[in-house]
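Reader: Could you walk me through one part of this model up close? I'd like a single connected account rather than a list.

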Amino acid sequence: MTRISGGYLAQRRRTKMASNFRGIRSSLTRTLIQQKKRALISAHRDRDRQKINFRRLWITRINAVIRESGVSYSYCRLIHDLYKRRMLLNRKILAQIAILNKNCLYMISNEIIK
């Protein structure tokens, strides 16, 4: 009995799995599966890195605006005083305030200092 090749369904399943891969990675089954696993691992790792990078960006923006005001006040003191006062503003919101309306951030920091 002769061997039957993969057939329509198997080909469709493989192309659906790796439609965006280039070269041999889109046609050979074993390399396709390896590349798919590697892509999923990279995606998971980079989602975590993206969260870290955005947090770092927000902290940098807040710190730049706070130090720009001329008051000897830093980011770490601002966050510490915010938590002491129980004003629950997260870093993302503070960074948006810092970019869009610096005066509002100055008012918040002055209220905390008092």
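Author: First a term we'll need: two residues are in contact when they have heavy atoms within 4.5 Å of each other. With that in hand, and bearing in mind that this is a predicted model, 45% of the contacts in the protein with a separation of 6 or more link residues 24 or more positions apart.

Let me set the scene before zooming in on helix 3. The protein has 5 helices and 0 strands, so from the N terminus on the order simply reads α-α-α-α-α. The globule rule gives 13 Å for 114 residues, but the radius of gyration here is 26 Å, well over that, so the protein is more spread out than a compact globule. You can see it in the box filled by the C-alpha atoms, too: roughly 90 × 25 × 20 Å along the principal axes. Buried residues make up 20% of the 114. The accessible surface comes to about 9400 Å², and carbon and sulfur atoms own 55% of that. As for charge, there are 27 positive and 5 negative ones, and their mean positions sit 17 Å apart.

Now for the close look. Coming along the chain, you reach Ser74 in the loop between helix 2 (29–68) and helix 3. Ser74 counts as buried because its relative accessibility is 15%, and the cut-off for that is under 20%. Which residues does Ser74 touch, once its neighbours within four places in sequence are set aside? They are Asn63, Ile66 and Arg67.

Helix 3 itself covers residues 75–84, and Cys76 is in it. Asn63 turns up again here: Cys76 and Asn63 are 13 residues apart in sequence, with their C-alpha atoms 8.4 Å apart in space. Cys76 is no buried residue, though; at a relative accessible area of 51% it is exposed, since the exposed class begins over 50%.

So which residues of helix 3 are buried? Tyr75, Leu78, Ile79, Asp81 and Leu82 are. These five cover an arc of only 165° around the axis, so they lie on the same side of helix 3. What they pack against is helix 2, helix 4 (91–100) and helix 5 (102–113). Turn to the face pointing away from that buried side and you find the exposed residues Cys76, Tyr83 and Lys84.

Past the end of helix 3 comes Arg86, in the loop that leads to helix 4. Have a look at its backbone: Arg86 has a positive phi of about 60° although it is not a glycine. Arg86 also counts as exposed, because its relative accessibility is 72%.

On the other side of that loop, helix 4 makes a nice companion piece. Its buried residues are Arg91, Leu94, Ala95, Ile97 and Ala98. They cover an arc of only 160° around the axis, so they too share one side of their helix. The cover over the buried residues of helix 4 includes helix 2, helix 3 and helix 5. Put that next to the packing partners of helix 3, which include helix 4, and the two descriptions meet: helix 3 is part of what covers the buried residues of helix 4.

Definitions and conventions:
Residues are numbered from 1 along each chain as its sequence is written. This is a predicted model: local features need pLDDT of at least 70, side-chain atom pairs count only at pLDDT 80 or more; totals for chains, interfaces and linings use all residues. Side-chain values use heavy atoms; hydrogens and water are left out. Helices (H or I, at least four residues) and strands (E, at least two) are DSSP runs, numbered from the N terminus. The radius of gyration is taken over C-alpha atoms; the globule rule is 2.2 Å times the number of residues to the power 0.38. Buried means under 20% relative accessible area, exposed over 50%, partly exposed in between (1.4 Å probe, protein chains only). Accessible areas come from the Shrake-Rupley method with a 1.4 Å probe; for residues, only the protein chains shown count as cover. Lys and Arg count as positive and Asp and Glu as negative; His and the chain ends are not counted. The place of a charge is taken as NZ of Lys, CZ of Arg, CG of Asp or CD of Glu. The arc is that of the directions from the helix axis to the C-beta atoms.
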